[in-house]
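Trainee: Hi! I'm new to this one, could you walk me through it?
Mentor: Happy to, let's open it up together.

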Amino acid sequence: MSATSALKAKALLKAKPASKRRDATKAYCQGSAVLSIVIVSVILLTLLIQSLPVLMSGDNGLIGTQWNPDEGQFGIIAPLFGSVFVMIIATVIAFPIGLLTAIYISETRSSKLRRLIKSILELLAGIPSIVYGLIGVAYLNIWVADLFDLQSGRIILTAGILLGIMILPTFLTLTEDALSAVPQRYRENAKSLGMYRHEVFKDIIFPQAKVGIAGAGLLALGRALGETMAVMLVIGSLDRLPSPLFNPLSSGQTITSKLGREVGESAFGSVHFSALVFMSFILVSITIALTILSHYFLTRKPSDV
Amino acid sequence: MSDMHGKPQLALVENSASAEAAAQASAVQIRNFSAYYGKNCIISDVSLDLPEKGVTCLLGPSGTGKSTLLRWINRINEETENASFSGNINVLGLDVLEGYPDVTELRRRTGMVFQQPCVFPCSIYDNMLMGLRNRKLSKSEARAIIEQSLKSAAIWDEIAHRLEDPATSLSLGQQQRLCIARALVLKPSILLLDEPTASIDPVSSRAIEDLVISLGEDIAVVMVTHNIAQTKRISDHVIFLCDGKIVEQGTRKHMFSMRSCEKTRTYITEEFCDC
């Protein structure tokens with residue numbers, strides 16, 4: 001064997017462990033991904049199986065507004081409506097504020113200040129929801145009652161405002177990321193054409209960032225929908241549709257607050273428990289749909305629009 | 001020194017009548033100009049005049065402040081963090097700070113094309129429309145201007161049949177010529193080119209060079225390059241910058257002759273500068 005061949009052989013021997021490591025890493029990553037999918041599937045399947053008693057039982061008023069376990073009435077419409085209503089209020093509050101603040105930070109501030117503001121926002125996003133809930137009970141609740149001259153501030157509006165405050169940091173920081181991700185050269189090219197700053201944003205930056213902003217919004221909505229503790233403390237927990245339907249000043253219920261209150265009281269295996277599990281199945285399905293949708297938007301290239 | 005928003009803190013040139021007269025004779029007049037990024041001085045006390053017509057090449061090694069100088073002419077460098085300058089720049093007889101309180105007006109009069117082709121993610125036609133958005137033009141007028149600009153940029157024949165296609169579907173060379181056409185829509189008196197051929201193939205590069213030569217017959221074209229052969233092919237005037245200072249400036253004939261200074265000759269022959 002020549003010296004060159006020997007060197008090549010040595011190199012190949014050396015390369016083998018590296019390729020083995022690569023294979024091991026690949027297998028580990030693939031295994032983790034498969035495990036995640038299996039866990040989510042098992043959760044969904046378990047929820048579905050546990051929901052069968054209520055789905056199989058006859059007249060339980062599942063698609064109704066009455067919730068009375070003693071009489072076998074398990075209408076999920078009121079909490080489902082409550083969840084969606086609270087989510088809409090949170091969106092109306094958080095999205096305009098979040099979007100405008102993100103535009104302000106990304107388009108007008110220096111990167112140093114941007115980093116500082118984002119760090120603070122990320123801290124806010126990390127505050128446990130129960131802390132928000134306590135603030136809601138202690139202050140927001142009372143302010144809302146005073147403002148609208150109500151006996152109690154534990155209403156859908158309070159829950160919506162609180163959720164809006166809670167999802168604001170998440171939405172804001174992801175929106176800012178989406179705006180900052182648009183390369184600076186687009187701004188420079190547009191401005192060198194004599195375009196004003198607002199025109200640059202409207203015609204160049206926003207069209208490229210909008211998929212990311214949509215993804216941020218959906219991710220924030222997912223959080224809003226899944227929030228339990230804070231909402232439970234301020235919504236009033238009343239199992240009925242507001243009257244009139246879109247009256248935010250009435251007490252209500254969301255799926256999460258319903259689950260939070262009643263899971264402990266229901267007997268495992270009972271129809272009552274099954275109805276609660278079915279509600280959680282619906283909640284998980286909506287959250288997964290929002291997550292998939294947000295992932296689709298966040299990973300979509302601007303040029304795909 | 002001025003801050004990054006271009007507010008002057010120190011004016012080194014007084015607005016005398018003679019200065020104004022001189023400013024009107026040339027497209028751009030730069031006096032005692034220094035540029036900084038934070039505390040780093042990139043350009044130091046540069047004074048020069050750029051003629052109203054012809055191609056002026058800013059030549060020099062990388063990192064000598066050529067692009068920075070160019071970017072201050074239309075104040076696009078304001079967009080760069082920590083950028084500041086001192087001194088005075090007159091564009092078309094007006095001080096870039098005092099004469100153009102609305103910087104967009106300055107930028108409409110000085111088209112700019114950057115090193116990397118950067119088309120907007122919309123159709124070719126919409127890319128061209130971006131520069132016309134503040135003019136009250138009918139559709140046919142806008143279309144005529146766009147067609148004229150695309151013809152001037154020598155790209156009309158290639159894309160006339162697909163103006164509604166995404167601009168990103170063009171080749172890099174075509175994208176760069178589209179960027180030049182997009183700047184020409186503004187009918188600028190000065191065209192600033194920051195190494196426009198640096199990232200494209202030789203054939204497209206040569207097409208752009210021909211375009212620059214023809215544009216130079218009507219307007220002032222200022223082009224940053226460190227390509228000596230290219231400078232020799234297209235320039236009317238050459239300004240050789242090194243280490244943030246002007247080493248020598250003059251006509252192409254002078255700069256590429258044995259009469260140029262030793263540093264210039266060394267750079268031109270060996271592509272090396274020991275500044």
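Mentor: Here is a short tour of a predicted model, with the sheet, the open and closed spaces and a few residues as stops.

Trainee: Cool, sheet first. What's the strand order in the open sheet of chain B?
Mentor: The order of its six strands is β6-β7-β8-β3-β9-β10, and the pairing is mixed.

Trainee: Which strands stand at the edges?
Mentor: Those are β6 (110–113) and β10 (245–251) of chain B. Each has a single partner strand, so one side of each is left without a neighbour in the sheet.

Trainee: And how much are neighbouring strands turned against each other?
Mentor: By 15 degrees on average, direction ignored.

Trainee: Take β7 and β8 of chain B: do they pair in the parallel or antiparallel sense?
Mentor: Parallel. Residues 190–194 form β7 and residues 220–225 form β8, and five bridges join the two strands of chain B. To find the spot on screen, look for B:Asp194, which stands opposite B:Val224 in β8(B).

Trainee: Which helix lies across β6 and β7 of chain B?
Mentor: That's α7 of chain B, residues 172–184, and it runs at about 170 degrees to β6(B).

Trainee: New topic: pockets. What volume does the largest one have?
Mentor: About 730 Å³. Its lining has 29 residues, and the closest to the pocket centre are A:Glu107, A:Thr108, A:Lys191, A:Arg197 and B:Glu79.

Trainee: Which helices supply at least two residues of that lining?
Mentor: From chain A there are α2 (77–108), α3 (111–125), α6 (184–192) and α7 (197–226), and from chain B there is α3 (103–109).

Trainee: How do the lining residues divide by class?
Mentor: The largest pocket has nine nonpolar, eight polar and 12 charged residues in its lining.

Trainee: You mentioned α6 of chain A. Why is it largely enclosed by the rest of the structure?
Mentor: Because seven of the nine residues of α6(A) are buried. Among them are A:Tyr186, A:Arg187 and A:Lys191, and A:Lys191 is also one of the residues closest to the centre of the largest pocket.

Trainee: What comes just after α6(A)?
Mentor: There you'll meet A:Gly194, which takes a positive phi of about 80 degrees.

Trainee: OK, what about cavities, how many of 30 Å³ or more are there?
Mentor: One. The largest cavity has a volume of about 50 Å³.

Trainee: Which helix gives the most to its lining?
Mentor: α2(A) does, with three residues. The elements giving two or more residues to the lining are α2 and α7 of chain A. Residues lining the largest cavity include A:Ser83, A:Val86, A:Met87 and A:Leu163. By class there are six nonpolar, three polar and one charged.

Trainee: Now single residues. Is A:Thr170 buried or exposed?
Mentor: Buried: its relative accessible area is 17%, and the cut-off for buried is under 20%. A:Thr170 sits in helix α5 (residues 156–180) of chain A. Leaving aside neighbours within four places in sequence, A:Thr170 is in contact with A:Ala125 and A:Arg223.

Trainee: And A:Leu55, where does that lie?
Mentor: In helix α1 of chain A, residues 3–56. A:Leu55 counts as partly exposed, at 39% relative accessibility.

Trainee: What is A:Leu55 in contact with, leaving aside neighbours within four places in sequence?
Mentor: A:Leu62 and A:Phe278. A:Leu55 and A:Phe278 are 223 residues apart along the chain, and their C-alpha atoms are separated by 8.3 Å.

Key
Residues numbered from 1 in each chain as written. Chains lettered and ligands numbered in written order. Predicted model: local features only at pLDDT ≥ 70, side-chain atom pairs only at ≥ 80, totals over all residues. Heavy atoms only, no water. Pairing = 2+ DSSP bridges. Helix = DSSP H or I, 4+ residues; strand = E, 2+ residues; numbered from the N terminus. Axes fitted to C-alpha atoms, helices over the stretch in contact; angles between N-to-C directions. Contact = heavy atoms within 4.5 Å. 1 Å grid on protein atoms, 1.4 Å probe; cavity = no way out; pocket = protein on both sides within 12 Å on 5 of 7 lines; lining within 4 Å. Points joined across faces, edges and corners; volume = space filled by probe spheres on them. Nonpolar A, V, L, I, M, F, W, Y, C, P; charged D, E, K, R; others polar. Buried < 20%, exposed > 50% of the residue type's maximum accessible area, 1.4 Å probe, protein only.
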